[in-house]
Amino acid sequence: MIASLHPSLLFFAAALLLWVLPLLGRRILILLVPAAAFLIISQLEPGTSWGYQLFGFDLNLLRVDKLSKAFGYVFTINAFACFLFALHLKTRHEHTAALTYIGAALGAVFAADLISLYLFWEVMAITSTFLVLARGTERAYGAAFRYVMVHIFGGLCLLAGILLQVNASGSVAFDGFSLHGLPTYLILIGFLINAAAPPLSAWLSDAYPEATVTGGVIMTAYTTKTAVYTLIRGFAGWEVLMAVGCFMAIYGIIYAILENDMRRILAYSIINQVGFMICGIGIGTAMAISGAVAHAFAHIIYKALLWMSAGAVLYLTGKSKCTDLGGLYKTMPLTMIFGTIGALAISSFPFLSGYTSKPMIIEAGVHEGFFWVWLVLEIASAGVFLHAGIKFPYFVFFARDNGLRPGEPPRHMLLAMGFLAFICIFIGVYPQPLYDILPYPVEFQAYTFEHTLNQFQLLMFSALAFFMLLPLLKRTETVSIDSDWIYRKGGRLFVRGCDRLFSGINAFGDRIFMQKLPGLLSRFFADPARHVQQHLVQLLAEGSGNGSVLERRKAEIEHRTRHAAYPIGGSVLLAVVFVALMSLFFFV
Amino acid sequence: MDPEDKKPEVWTWFDHPRNIKRLKIGFYAVLVLLVLPDFFMHKHSLFSSVEALPGFYALFGFISCVAIILISKLLGFVLKKKEDYYDR
């Protein structure tokens, strides 16, 4: 029966099957799998199944409700478009990593308990690393290493939280957490790291732009949005998330404006967009949660579209810095149009998908009377248009012509972009199918005259600000310091600082104890009797103030020493005193 | 690869000053048209009566963006480093 199949299983099976199929078979397979998974998900009945036993707990791999289904739909639709975009790849390992990664993301979304979730969570972290490694450059290796290290850290936080939680509550169930305490905080940190919440957010803008052309497109959807799903499931209504979300929304904009690499601009705009979703989760009302899910859905589609247009540019020109690009509309008009549709959709331009999802979150905040949330999210909405809506297409496809004449990308890439652009427009014009799959019924009207007019005003005057202040936005060949500084540069500085400090102490110790002191002692012990006498005589003479006898005494000592004319008794006494002193030092 | 791929068609519409001028005029006209209806309709406000003033969202968007750009520019002096910063 089709309804009992687990959608992840298809992806995992395909990842294995890939290694025995010829190229044509592989191409058919990677398109067929997401489509079949989509069909399976649409047939799933609400409830839990696929139970198994582990560590004495009853676990379930498949929990079907409206929330998990909504994410399942968009994950498979996006997977289809991504594999269509990546159809030209002849190698097997990249597709294998992508299939396992997407399968694990679906597994995490459908997992009914914390332990299954954790297992899929870690598979995602590992397989996605290979999409960065597949780029094969030195920079990609570095970025992949940092990426996996941060995710291992996040995974460990999650694992610790889960163990404490299971220990405290005796249950592995993954539902809304109500208890505030160390276990839930650790789980929250684990989720937030994958959602790219600052301070540990830099892995995203560090690693994604170093991934392969197609790997970057695939990665944008799954890691952060799985985290959004888990936050909705576990932490809806936790107020701290409102602050985190607002911060992310602004932080993403500012860094995107500073950035020169086009794919890094888009990476920062993921953080900005996830900020909107997390803010919605923090608000936590039915409308806000529906808004967050709707926004995640719309976001995955237009973000993949944006990354595809950037990926097509990178694929054809080999360049990704805005300072090297520009004027590409001349030979890539279709890519430009698709990219612009994505850019307008992310800016929630009316009649495109962002407009029917994002305002739902803002309005939910308004309903609850959160003035600051409204203010920050409106400012961020204007800012999105600035950095992703205009900046990205302007500097890549227009602006200064750098003489690149690449032509359009292969047909399958254009098809993939066209498919996603169609969805962007479709959801923008007719959002009802999207609203129908949301976890809560939607009472939201995007298209009132006043609301649409306000949005147009906001966006067009943002555009005015962009073009008026264009000189301030001139691209520079720079990188921006983000929190990854701590482990990229700070770590090195720490090592150097420690090196200075401890090597300094070492050198000092060496000078004093290994060179100076032994020299001094050996000089003294070369002729101890003479030195002791001489110093005593000197001391006595200085003490009594009688300097006249000093020279005579010194001459006597000199004479005695040279002729070794000591009475035996005196020498023995000295030896005994010395041995006594030594034994005092060693045995007391 | 067919020969078409090697010599792509080149569009230059956006390079003609005349077209840029047209775009600019169109853009300004759109801006004016967007604010005009505000004077003739009743607008709802969410938190304060200021929001109902004509052109509030236009001004809001403009000021937000100017502020964001200026703040980014200032932060850029601190945060921006040469591209080989991490390789040194």
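**Two chains, talked through**

Colleague: How many helices and strands does the secondary structure of chain A come to?

Modeller: Bear in mind that this is a predicted model. Of the 588 residues in chain A, 51% are buried. As for its secondary structure, chain A comes to 22 helices and 3 strands.

Colleague: What radius of gyration does chain A have, next to a compact globule of 588 residues?

Modeller: Along its principal axes, the C-alpha trace of chain A spans about 115 × 65 × 60 Å. A compact globule of 588 residues would come out near 25 Å, but the radius of gyration of chain A is 35 Å.

Colleague: And contacts along chain A: of those with a separation of 6 or more, what percentage is between residues 24 or more positions apart?

Modeller: Take the contacts in chain A with a separation of 6 or more as the pool. Ala345(A) gives a feel for contacts beyond the local stretch, since leaving aside neighbours within four places in sequence, its contacts include Tyr302(A) and Cys424(A). Within that pool, residues 24 or more positions apart account for 81%.

Colleague: Which residue in the turn of the hairpin of strand 1 and strand 2 of chain A has a positive phi?

Modeller: Strand 1 (residues 47-54) and strand 2 (residues 57-64) of chain A pair in the antiparallel sense over 7 bridges. One of the pairings puts Gly51(A) opposite Asn60(A) in strand 2 of chain A. The hairpin has 2 residues between the strands, and the one in the turn with a positive phi, about 55°, is Phe55(A).

Colleague: At what angle do helix 12 and helix 13 of chain A cross?

Modeller: Helix 12 covers residues 286-317 of chain A and helix 13 covers residues 333-346. Their crossing is left-handed. The contact includes Tyr302(A), Leu306(A) and Val313(A) from helix 12 of chain A, and Phe338(A), Gly342(A) and Ala345(A) from helix 13 of chain A; by class, its residues divide into 10 nonpolar, 4 polar and 1 charged. The axes come within 8 Å, and they cross at roughly 145°.

Colleague: Is Ala345(A) buried or exposed?

Modeller: Ala345(A) lies in helix 13 of chain A. Its C-alpha atom is separated by 9.8 Å from that of Ala388(A), 43 residues apart along the chain. The cut-off for burial is 20 or more other C-beta atoms within 10 Å. Because Ala345(A) has 32 C-beta neighbours inside 10 Å, it counts as buried.

Colleague: On to chain B. What pattern does it follow along the sequence?

Modeller: The secondary structure of chain B comes to 3 helices and 1 strand. Buried residues make up 14% of its 88 residues. Read along the sequence, the pattern of chain B is α-α-α-β.

Colleague: What's the radius of gyration of chain B, then?

Modeller: The C-alpha trace of chain B spans about 60 × 45 × 25 Å along its principal axes. For a compact globule of 88 residues you'd get a value near 12 Å, whereas chain B has 22 Å.

Colleague: Which element of chain B gives the largest share of the side that touches chain A?

Modeller: The contact takes 44 residues from chain A and 37 residues from chain B. On the chain B side, the elements giving two or more residues are helix 2 (17-35), helix 3 (56-79) and strand 1 (80-82). By class, that side has 24 nonpolar, 6 polar and 7 charged residues. The largest share, 16 residues, comes from helix 3 of chain B.

Colleague: Why does Ser64(B) count as buried?

Modeller: Ser64(B) is found in helix 3 of chain B. Leaving aside neighbours within four places in sequence, Ser64(B) is in contact with Ile379(A), Ala382(A) and Gly383(A). The threshold is 20 or more other C-beta atoms within 10 Å. Ser64(B) counts as buried because its C-beta neighbours inside 10 Å number 24.

Colleague: How far apart are the axes of helix 18 of chain A and helix 2 of chain B?

Modeller: Helix 18 (residues 449-468) of chain A passes helix 2 of chain B in a left-handed crossing. Among the residues in contact are Phe456(A), Met460(A), Val30(B) and Leu34(B), and the contact has 9 nonpolar, 1 polar and no charged residues. The two pack at an angle of about 145°, with their axes apart by 10 Å.

Colleague: Which residue in strand 1 of chain B is the bridge partner of Ser480(A)?

Modeller: Strand 3 (residues 478-480) of chain A runs antiparallel to strand 1 of chain B, and 3 bridges join them. The partner of Ser480(A) there is Lys80(B).

Note on methods:
Residues numbered from 1 in each chain as written. Chains lettered and ligands numbered in written order. Predicted model: local features only at pLDDT ≥ 70, side-chain atom pairs only at ≥ 80, totals over all residues. Contact = placed C-beta atoms within 7 Å. Helix = DSSP H or I, 4+ residues; strand = E, 2+ residues; numbered from the N terminus. Nonpolar A, V, L, I, M, F, W, Y, C, P; charged D, E, K, R; others polar. Pairing = 2+ DSSP bridges. Axes fitted to C-alpha atoms, helices over the stretch in contact; angles between N-to-C directions. Left-handed = near helix turned anticlockwise from the far one by under 90°. Rg over C-alpha atoms; globule rule 2.2 N^0.38 Å. Buried ≥ 20, exposed ≤ 12 C-beta atoms within 10 Å, placed from the backbone.
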